[in-house]
Structure formats: structure tokens, C-alpha cells
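Please open the model in your viewer and keep the selection tool at hand. The tour below moves from one selection to the next and says what can be found at each stop.

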Amino acid sequence: MEEVPHDCPGADSTQAGRGASCQGCPNQRLCASGAGAAPDPAIEEIKEKMKTVKHKILVLSGKGGVGKSTFSAHLAHGLAEDENTQVHQSGSGWSPVYVEDNLGVMSVGFLLSSPDDAVIWRGPKKNGMIKQFLRDVDWGDVDYLLVDTPPGTSDEHLSVVQYLASAHIDGAVIITTPQEVSLQDVRKEISFCHKVKLPIIGVVENMSGFVCPRCKKESQIFPPTTGGAEAMCRDLKVPLLGKVPLDPHIGIQEFCSSPQSKEESPISS
């Protein structure tokens with residue numbers, strides 16, 4: 001999927017679809033027609049649906065493979081304080097899959113006929129599914145809604161921000177790893193947040209060092225050659241929430257339900 005043009009004038013601008021930066025954008029024709037400027041009625045419907053959700057948090061990263069989904073899962077378990085994988089539909093909407101009494105999950109993967117199926121969708125289809133997840137899922141009265149987004153700054157991110165804007169987004173947690181190749185993309189993600197006026201809760205440096213379980217010596221698998229997330233956050237004036245080391249327990253299926261998992265998952269700040 002193509003990224004949003006760097007100098008996108010916005011769908012509500014008089015230059016929408018006509019500016020030089022619009023050339024090559026997959027939404028150019030829609031914006032030029034003026035249809036993109038009309039408010040989506042789903043925005044008000046989602047606002048009403050989200051009244052029962054106290055906090056809405058996006059988990060972002062410009063870079064893929066930094067452990068964003070894994071961190072989202074552990075953050076959700078942490079917020080829940082402590083696998084049926086079929087989605088059911090009721091009169092009030094789709095029912096999320098509950099992995100704990102107070103922890104529900106909704107995923108495109110639950111809607112596929114096989115876990116090996118590829119999801120081959122263009123932008124409008126993806127945006128439609130995002131709208132359904134926010135408007136048609138019966139989340140009920142919950143304290144937190146965590147949205148695990150794909151890497152990048154594409155249509156999906158714009159759609160989530162647009163649909164949740166009137167319902168108030170608490171902010172974004174941005175995930176990175178220590179090496180510069182990841183930080184380069186994360187800087188773009190931070191720029192995206194500033195441009196769409198999405199508050200940044202802070203940055204988490206994932207895979208930050210590895211402590212050998214035998215010799216207890218710490219190794220930097222992904223060397224922070226430019227200072228890592230700490231230096232980046234200092235330069236860009238965004239909070240560093242903490243550093244999460246590589247932990248072999250995360251690869252164990254029963255990790256989340258293990259009584260000692262909370263004791264063996266150190267987060268340094």
C-alpha cells in the first residue's frame with residue numbers, strides 16, 4: 001500500500017486531488033471529486049459506540065518486526081490486571097473473543113476460513129473493516145481499547161485517527177528497537193502523529209539487550225549505534241516510557257498464563 005504523500009493538502013482542502021503532491025496518490029480521484037470532503041456518517045456512529053470505552057490507545061511503529069503486536073498483547077494483559085477463536089454476532093453487534101473475563105480481542109484472523117489464508121485487500125476494503133471493528137463490535141463497558149496497527153503511515157492509520165477523532169484518542173504508544181534502521185522509520189511515525197494532531201504517550205524501546213540466562217552477561221543484539229530510543233526521544237522531545245529486553249519466555253506458548261511470567265518480564269525506565 002502506498003504511503004500518504006508528504007505534502008498532502010487534506011481531503012477538505014480546495015487543492016484536494018489537484019495539487020502537485022496528489023500525483024500518484026491512490027485516493028487522488030476520490031479527493032478531486034469532492035466526495036472525500038463530505039463527513040462520513042460512521043464517525044458519529046463510532047463516537048456513540050465509543051462512549052462506553054474510557055481510554056483509546058493506538059500502538060504504532062513505522063518499522064515492521066519490532067514486536068509491536070507482542071507488546072500490544074502484553075500491555076493488554078497488564079491493563080487487564082491479572083482460546084475460543086470464533087466471533088459471534090448478536091443484536092448489539094459482533095462479540096469479541098474473550099481470552100480472559102475482562103480481556104476481549106477482535107482480529108481479521110478470526111474471520112478467515114483458515115489461519116493460512118492471505119488477506120489480499122485494497123485500501124477501501126481495509127478501511128471498511130476498520131470501520132466495522134469500531135462501529136459494529138459490542139465492546140461493552142471497558143476501560144481500555146488498544147488498537148494494534150500495521151507498520152507505516154498509510155490509509156489504515158488515517159482511517160483509525162479519523163474515525164476515533166470525535167470519540168477522543170488518549171494517544172499513541174510507539175514501539176521501536178534500538179538500531180538506527182528502526183529509528184529512521186519511527187521518526188517518520190512521530191512526524192505523522194504531529195501532523196494529524198495525535199498525542200504521543202511515549203516510546204518503548206523493545207528488544208533492548210539480551211541477558212544470557214546462563215552466564216547473566218548482557219549482549220546488544222541490535223546495537224544502539226546512534227544512541228537508541230533514548231537519544232531519539234531526547235532530540236524529538238517525546239517521553240521514553242521504558243526499555244523491554246529480549247526474553248526467551250515470550251516464545252513459550254504458556255507464557256502469558258504462567259504465574260512467574262510477571263516476575264520475569266523486567267521493564268526498565
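Does H6 pass H7 in a right-handed or a left-handed crossing? Bear in mind, before you look, that this is a predicted model. Select helix H6 (residues 180-195) together with helix H7 (residues 228-236), and you will find that their axes come within 11 Å and cross at roughly 30°. The crossing in which H6 passes H7 is right-handed. To see what makes the contact, show the side chains of Leu 183, Val 186, Arg 187 and Ile 190 on H6, and then add Gly 228, Ala 229, Met 232 and Leu 236 on H7. Sorted by class, the contact of H6 with H7 holds six nonpolar residues, one polar and one charged.

Next, select strand E7, residues 171-176, which is mostly covered, with six of its six residues buried. Colour Gly 171, Val 173 and Ile 175, which point one way from E7, and then give another colour to Ala 172, Ile 174 and Thr 176, which point the other way; all of these residues are buried.

Keep E7 displayed and add its pairing partners. Strand E1 (residues 53-60) pairs with E7 in the parallel sense over four bridges, and one place to look is Leu 58, whose bridge partner in E7 is Ala 172. Strand E8 (residues 200-211) also pairs with E7 in the parallel sense, here over five bridges, and in this pairing Ile 175 has Val 204 of E8 as its bridge partner.

Now move to helix H4, residues 123-135, whose 13 residues reach 18 Å from the first C-alpha to the last, close to the 18 Å expected at 1.5 Å a residue. Which residues of H4 are buried? They are Gly 123, Asn 127, Met 129, Ile 130, Lys 131, Phe 133 and Leu 134. If you display the surroundings, what covers these buried residues includes helix H2 (42-49), strand E3 (93-95), strand E6 (142-148) and helix H5 (155-164).

For the last stop, keep H4 and H5 alone on the screen. Their axes come within 10 Å and cross at roughly 35°, and the crossing of H4 and H5 is right-handed. On the H4 side, select Gly 123, Lys 126, Asn 127, Ile 130, Lys 131 and Leu 134, which meet Asp 155, Glu 156, Ser 159, Val 160, Tyr 163 and Leu 164 in H5. Colouring by class divides the residues of the contact of H4 with H5 into five nonpolar, three polar and four charged.

Key:
Residues are numbered from 1 along each chain as its sequence is written. This is a predicted model: local features need pLDDT of at least 70, side-chain atom pairs count only at pLDDT 80 or more; totals for chains, interfaces and linings use all residues. Side-chain values use heavy atoms; hydrogens and water are left out. Helices (H or I, at least four residues) and strands (E, at least two) are DSSP runs, numbered from the N terminus. The expected span of a helix is 1.5 Å times one less than its number of residues. Buried means under 20% relative accessible area, exposed over 50%, partly exposed in between (1.4 Å probe, protein chains only). Contact means heavy atoms within 4.5 Å. Axes are lines fitted to C-alpha atoms, for helices over the stretch in contact, and angles run from 0 to 180 degrees between N-to-C directions. A crossing is left-handed if the near helix is turned anticlockwise from the far one by less than a right angle, and right-handed if clockwise. Ala, Val, Leu, Ile, Met, Phe, Trp, Tyr, Cys and Pro count as nonpolar, Asp, Glu, Lys and Arg as charged, and the others, Gly among them, as polar. Two strands pair if DSSP finds at least two bridges between them.
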